[in-house]
Amino acid sequence: MNQAINKKQMAPAAAKKSKKPASLDKRKARSGWLFILPFLLGFVLIYLPIIVDSIRFSFNEIQILTNGGYELHFVGLDNYREALFVDTDFTQTLISGLGQLVIDIPAIVFFSLFIAIILNQKIIGRAAFRAIFFIPVILTTGLIGQIDTNNAMLSYMNSDAGIDTGAGTESGTSQILSVMDLQSLFANMAVGKGLMEYVVGAVNNIFDIVNRCGVQMLIFLSGLQSISPAIYESCQIDGASGWETFWKVTLPMISPMILVNTIYTVIDAFTSSSNKVMSYISTVYSGANNGNVLSSAMSWMYFLIVILILAAVAGLLSMFVFYQRKD
């Protein structure tokens, strides 16, 4: 009898002991969900209703009532047709904005990678140089960024009036190009016209490119510092040059960061307050009749274009990304 009671008492204890604790991966997953929980709640409670209303507005015509409020009348794809075929300024702005981003995005990624490689070397004042290149990221956010947009001196320097000649014919960047004579140099080198226009456009926009490469530079720096020094020592023992080491070791090892930085740069460029398309959509929202519903249609077309470009960029770069195996 006593043995039977002891067996019953030991059974629950054995069952409790056999229960294994959660694995490290599961605990990390729980911590991750807990970390993003405020964002998920904010998205579901605040942003999701706004997104649904925006989609609904894009398929309707709005009528403001005299006693306040509004009524929506379903018009199907009329707002989208008007944005594409009636409002020619939107199409032109969209094409010119995409063309400018084709110049800016590769230039930002390549320039930030170049600066990160330099700042990863053992040089005097390396930390100070890193801070200097990251300062524009801080200065272009929040209240400081709003003050900077109203900077009259900066607007004058970036305008066609310029301060170099006082004649009001050339800006500072145009004067630099005329001195360096890049177009004449490339023509003498028999370089293609497309490459010449790309370099000239990148030089003209160098101020904006430097301002927007701070975050990408830090990501590249973290990737470069994660590469084991033993790999570089092996390359030196084998007699590999610095050029060969970069193409065979450095570039493949940081290829995941190139993918991340490219996607980040695309999103940042398409959602920047200085983006031509975003500025035009804001103008339509506050100006035209039924501007709020028309701008909603423009916004969703622009959003779909951004998604398609992101998918194309991610799919193309993923073919060349190298992931180091840890086992």
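In which helix do Asp-53 and Arg-56 both lie, and how many residues apart are they? Let's start there. Both residues belong to helix H2, which covers residues 24-58, and they sit 3 residues apart, about one turn of the helix. Keep in mind as you look around that this is a predicted model.

Asp-53 and Arg-56 form a salt bridge, with 3.1 Å between the closest N and O atoms. As a general point, side chains of opposite charge can pair when their charged atoms come close. Asp-53 has a relative accessible area of 32%, so this residue counts as partly exposed. Arg-56 is partly exposed too, at 39% relative accessibility.

A search of the whole structure turns up 2 salt bridges. You will find the other partners in helix H3, where the side chains of Asp-78 and Arg-81 meet with an N to O distance of 2.9 Å. Asp-78 and Arg-81 are 3 residues apart in H3, which means that about one helical turn separates them. Here again the partners are partly exposed: Asp-78 has a relative accessibility of 40%, and Arg-81 comes in at 45%.

Next, have a look at the strands. Strand S1 (residues 60-64) pairs with strand S2 (residues 70-74) in the antiparallel sense, over 5 bridges. For one of the pairings, pick out Asn-60, whose bridge partner in S2 is Phe-74. The two strands make a hairpin with 5 residues between them, and in the turn you can spot Gly-68, with a positive phi of about 95°.

Now for the interior. In soluble globular proteins, nonpolar side chains tend to be buried together. In this model, the largest nonpolar core has 21 residues, and those with the most contacts inside it include Ala-83, Phe-90, Phe-270, Val-277 and Tyr-302. At least two residues of this core come from each of the helices H3 (78-86), H4 (88-119), H15 (255-270), H16 (276-287) and H17 (291-318). H17 supplies the largest share, 8 residues.

Val-277 is a handy residue to zoom in on. Setting aside its neighbours within four places in sequence, Val-277 is in contact with Phe-90, Thr-93, Leu-94 and Tyr-302. There is also a second, separate core of 15 residues, with Ala-116, Phe-220, Leu-221 and Met-253 among them.

Met-253 brings us to a helix pair, as it is one of the H14 residues that meet H15. How do H14 and H15 pack? Their axes are 4 Å apart, and the angle is about 50°, with H14 covering residues 242-253. Angles of 35 to 65 degrees fall outside the parallel and perpendicular classes, so H14 and H15 are oblique to each other. On the H14 side, Leu-251, Pro-252 and Met-253 take part, and they meet Ser-255, Pro-256 and Ile-258 in H15.

Stay with H15 for a last stop, at Asp-268, which lies in this helix. Is Asp-268 buried or partly exposed? Its relative accessible area is 27%, so Asp-268 is partly exposed, given that buried means under 20%. Asp-268 and Arg-212 are 56 residues apart along the chain, and their C-alpha atoms are separated by 8.8 Å.

Key:
Residues numbered from 1 in each chain as written. Predicted model: local features only at pLDDT ≥ 70, side-chain atom pairs only at ≥ 80, totals over all residues. Heavy atoms only, no water. Core = buried A, V, L, I, M, F, W, Y, C linked by side-chain atoms within 4.5 Å. Buried < 20%, exposed > 50% of the residue type's maximum accessible area, 1.4 Å probe, protein only. Contact = heavy atoms within 4.5 Å. Salt bridge = Lys/Arg side-chain N within 4 Å of Asp/Glu carboxyl O. Pairing = 2+ DSSP bridges. Axes fitted to C-alpha atoms, helices over the stretch in contact; angles between N-to-C directions. Parallel < 35°, antiparallel > 145°, perpendicular 65-115°, else oblique.
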